[in-house]
Amino acid sequence: MKPLYELKNVYYQYPDGTIALDNINMKIYEGEVVAIIGPNGAGKTTLLKILDALEFPKKGEVYFEGKKLEERLLNDIEFMKYFRKKVGFIFQDPDTMLFSPTVWDDVAFAPLHLYDKDTAIKVTEKVINEMNLNHIKDKHPYNISGGEKKKSSIAAVLSITPDVILMDEPTSYLDPKSRNYIINLIKDLKSKNKTIVFVSHDPNLITLADRCYILNKKIIAEGTPKEIFSNVEILEENNLDVPEITKLFKLLLDDKDLISKINIDNLPITVDEAYNILKDLLKSKT
Ligand SMILES: Nc1ncnc2c1ncn2[C@@H]1O[C@H](COP(=O)(O)OP(=O)(O)OP(=O)(O)O)[C@@H](O)[C@H]1O
């Protein structure tokens, strides 16, 4: 199967000399959910910008559907329209994405550029309803809460029904209920075979990924979320959060008196996983 994206030896340096990405090789397949984790300043946002063709590598190449993403290609109006409809980027800071007089106008902005007026209105209403934004649709985006801004900015991207969704910290600014909403949204998008690449520190979100990369300018590790989170040393070395529940199980497994009693292949990342392990363990003892 051909990858949707292929990055070959990608190197990116900002004009002030800061090296953000160094020798990145990566393939992303259609329908995959890929999580990017890494410490502050690791180049995660820069990588998403490169996948969205907002920036281009200074060395190396990025291919999308076999075509090399470069300025020349994006200057081709046909391709640019195709690509902007196909790939949506949800920025970390919703303020950078909301600029219209009302939330409704922000969600309608891209559809009005892509479709005829009636279709644009229909898709806008649909997303506003699906994302429960009716109560704020006539408000100015300055006058809504951080979480509502985040949801509005997500709606503004989903309104173009992109096949590929790039998300930078989608659960930041959100309370537990809204975080769960995003988790369910990602599950739903995954079930519709959307390709999702997200940057996050949230273990509940990262467990949804098929694959996970640790990035720190270079690719430090790649694997399933379970493989990555079981490697507590590599997480700590790269200044990454180890979920508390994972730490607890590591302590239990490191306890020589308990070792023979706990038999698990991978450390749990979430409370649900830990619950299932403990449930089986307790059942086997009764
Ligand atoms: N416009 C810019 N000009 C110069 N340097 C920049 C610019 N934007 C980012 N950088 C630098 O590039 C590096 C990578 O930044 P990037 O925003 O991609 O990291 P990140 O992993 O997303 O960080 P965070 O987790 O803090 O959001 C950092 O050292 C950052 O200071």
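Contact here means heavy atoms within 4.5 Å. Helices (H or I, at least four residues) and strands (E, at least two) are DSSP runs, numbered from the N terminus. Axes are lines fitted to C-alpha atoms, for helices over the stretch in contact, and angles run from 0 to 180 degrees between N-to-C directions. With that in hand, take helix 6: it lies across strand 6 and strand 7, running at about 170° to strand 6.

Some housekeeping before the tour. You're looking at a predicted model, where local features need pLDDT of at least 70 and side-chain atom pairs count only at pLDDT 80 or more, while totals for chains, interfaces and linings use all residues. Residues are numbered from 1 along each chain as its sequence is written, and side-chain values use heavy atoms, with hydrogens and water left out.

Back to the strands under helix 6. They belong to an open sheet of six strands, ordered 6-7-8-3-9-10, with mixed pairing (two strands pair if DSSP finds at least two bridges between them). Strand 6 and strand 10 (218-223) are the edges, each pairing on one side only. On average, neighbouring strands in this sheet are turned by 15° against each other, direction ignored. At one end, strand 6 and strand 7 (residues 164-168) pair in the parallel sense over four bridges; Phe 89 has Leu 166 in strand 7 as its bridge partner. Strand 9 and strand 10, in contrast, run antiparallel and are joined by five bridges. There, Asn 216 has Lys 218 in strand 10 as its bridge partner. The hairpin of these two strands has one residue between them, and Lys 217 takes a positive phi near 70°.

Now for the other sheet. This open one has four strands in the order 2-1-4-5, with antiparallel pairing. Its edges are strand 2 (19-28) and strand 5 (67-68), each of which pairs on one side only. Strand 1 (residues 5-13) and strand 4 (residues 59-64) share five bridges in the antiparallel sense, and Tyr 11 finds its bridge partner in Lys 59 of strand 4. Helix 1 packs on this sheet, touching strand 1, strand 2 and strand 4, and its direction makes about 55° with that of strand 2. Helix 3 also has a place here: it lies across strand 1, strand 4 and strand 5, at about 80° to strand 4.

Helix 1 deserves a second look. Helix 1 (residues 44-51) also touches strands of the six-stranded sheet, including strand 3 (33-37) and strand 8 (195-199), and its direction makes about 160° with that of strand 7. How many of the residues of helix 1 are buried? Six of the eight, so the helix is largely enclosed by the rest of the structure. Buried means under 20% relative accessible area, exposed over 50%, and partly exposed in between (1.4 Å probe, protein chains only). The buried set is Lys 44, Thr 46, Leu 47, Leu 48, Ile 50 and Leu 51. Just after the helix, Ala 53 takes a positive phi of about 55°.

Over in helix 6 sits Ser 152. Why does Ser 152 count as buried? Because its relative accessibility is 0%. Leaving aside neighbours within four places in sequence, Ser 152 is in contact with Leu 98, Val 103, Val 107, Leu 133, Ile 136 and Ile 144. Ser 152 and Lys 137, 15 residues apart in sequence, are 8.8 Å apart in space, C-alpha to C-alpha.

Finally, the empty space. On a 1 Å grid over the protein atoms alone, a cavity is a set of points where a 1.4 Å probe fits but cannot get out, and a pocket is an open set with protein on both sides within 12 Å along at least five of seven lines; lining residues have an atom within 4 Å of a point. Grid points are joined across faces, edges and corners, and a volume is the space filled by probe spheres set on the points. The largest pocket has a volume of about 560 Å³. It is lined by 19 residues, of which Arg 84, Phe 109, Ala 110, Ala 156 and Ile 160 are the closest to its centre. Helix 4 gives the largest share of that lining, five residues. The largest cavity has a volume of about 40 Å³, and its lining consists of Ile 37, Ser 200, His 201, Ile 206, Phe 229, Leu 240 and Asp 241.
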